[in-house]
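Subject: Structure handover and notes

Dear colleague,

I am passing on the structure we spoke about, with the sequence alongside. Please open it before reading on, since the notes below refer to it throughout.

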Amino acid sequence: MAMASSLFFSTPIPTKLISKQKPFSYHSPNPLLPQLTHKPLRSLVVSSAAAIEAETETSSSNSTPLKSLPFRVGHGFDLHRLEPGYPLIIGGINIPHDRGCEAHSDGDVLLHCVVDAILGALGLPDIGQIFPDTDPKWKGAPSSVFMEEAVRLMHEAGYELGNLDATLILQRPKVSPHKESIRANLCKLLGADPSVVNLKAKTHEKVDSLGENRSIAAHTVVLLMKK
């Protein structure tokens, strides 16, 4: 419609020409056209302009703000390289191992993953944009700080956690002895009941860097519910 508007109004039609214009006498075989023909050119211009204006007003009245969604789903993924000389922290729990995550912060792959899932559900930038590794203030920072901010943003947007399902992928060490401690701390950080937080752990069958104990990864899916 913008092109039509430009056509009608950017090139003025001389008044004398319009006033002397006679009705059309052409009869179209198209049954929809007779109602537009047999009218002076001025009438066609004015009626077309009125139609454009009416349609614009209708479109404006119909464009209402989007309603808040009753629920939102987010997915998070993170992977860190494992190197000697670093602590291995998963879900805020220090896990005994001969190597840990090399990262700008504490390298907690699970919490980073959960933060990204919450931010994704809210339609916000990822953890790397909100807490960039180029900022020295996040050097060695505990990932609980990132979790607290993600939870704050979730509540600020009017949502609460419906449920969370996370999967850790690592060859070693075994997560099962620490699983409940990790889940309990995750529930504490989220302010959530244990019944809505699930944690699984898988090996990578000795395939690629994950299976060779050179890296650790995590996936998380969250469901946020409108309060």
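What follows is a short account of the overall chain, its core, one buried aspartate and the salt bridges.

Please bear in mind that this is a predicted model, in which local features need a pLDDT of at least 70 and side-chain atom pairs count only at pLDDT 80 or more, while totals for chains, interfaces and linings use all residues. Residues are numbered from 1 along each chain as its sequence is written, and side-chain values use heavy atoms, with hydrogens and water left out.

On confidence, the chain averages a pLDDT of 79 (the predictor's confidence in each residue, from 0 to 100), and 70% of the residues score at least 70. Two stretches call for care: residues 30-49 have a pLDDT below 50, with 18 contacts in the model beyond near neighbours in sequence, and residues 54-66 are also below 50, with 1 such contact. Contact here means heavy atoms within 4.5 Å.

The chain has 8 helices and 7 strands, taken as DSSP runs numbered from the N terminus (helices H or I, at least four residues; strands E, at least two). Of its 227 residues, 35% are buried, where buried means under 20% relative accessible area, exposed over 50% and partly exposed in between, with a 1.4 Å probe and protein chains only. Among contacts between residues at least 6 apart in sequence, 72% join residues at least 24 apart.

The largest nonpolar core has 45 residues, and those with the most contacts inside it include Ile90, Leu110, Leu164 and Leu168; such a core is a set of buried Ala, Val, Leu, Ile, Met, Phe, Trp, Tyr and Cys residues joined through side-chain atoms within 4.5 Å. Among the elements that give two or more residues to this core are β2 (88-90), α4 (109-121), β5 (159-169) and β7 (215-226), and α4 supplies the largest share, 10 residues. Leaving aside neighbours within four places in sequence, Leu168 is in contact with residues including Ile90, Val109, Leu110, Leu199 and Ala217.

Asp78 lies in strand β1 (residues 71-83) and is buried without a salt bridge, the nearest side chain of opposite charge being Arg81, 11 Å away. For this purpose Lys and Arg count as positive and Asp and Glu as negative, while His and the chain ends are not counted. The side chain of Asp78 does make a polar contact of 3.3 Å with that of His112 (a pair of N or O atoms within 3.5 Å; within protein, one must be able to donate a hydrogen and the other to accept it, and residues adjacent in sequence count only if both atoms are side-chain atoms). Not counting residues up to four places away in sequence, Asp78 also touches Val109, Cys113, Ile216, Ala217 and Ala218, among others.

The chain has 8 salt bridges, each defined as a side-chain nitrogen of Lys or Arg within 4 Å of a carboxyl oxygen of Asp or Glu. Glu149 and Arg152 form one of them, at 2.7 Å from N to O; these two residues are 3 apart in helix α6, and therefore about one helical turn separates them. Glu149 is partly exposed, at 24% relative accessible area, and Arg152 is partly exposed at 39%. Glu180 pairs with Arg183 at 3.3 Å, again 3 residues apart, in helix α7. Finally, Arg81, Glu83 and Glu102 are linked in a network of salt bridges.

With best wishes
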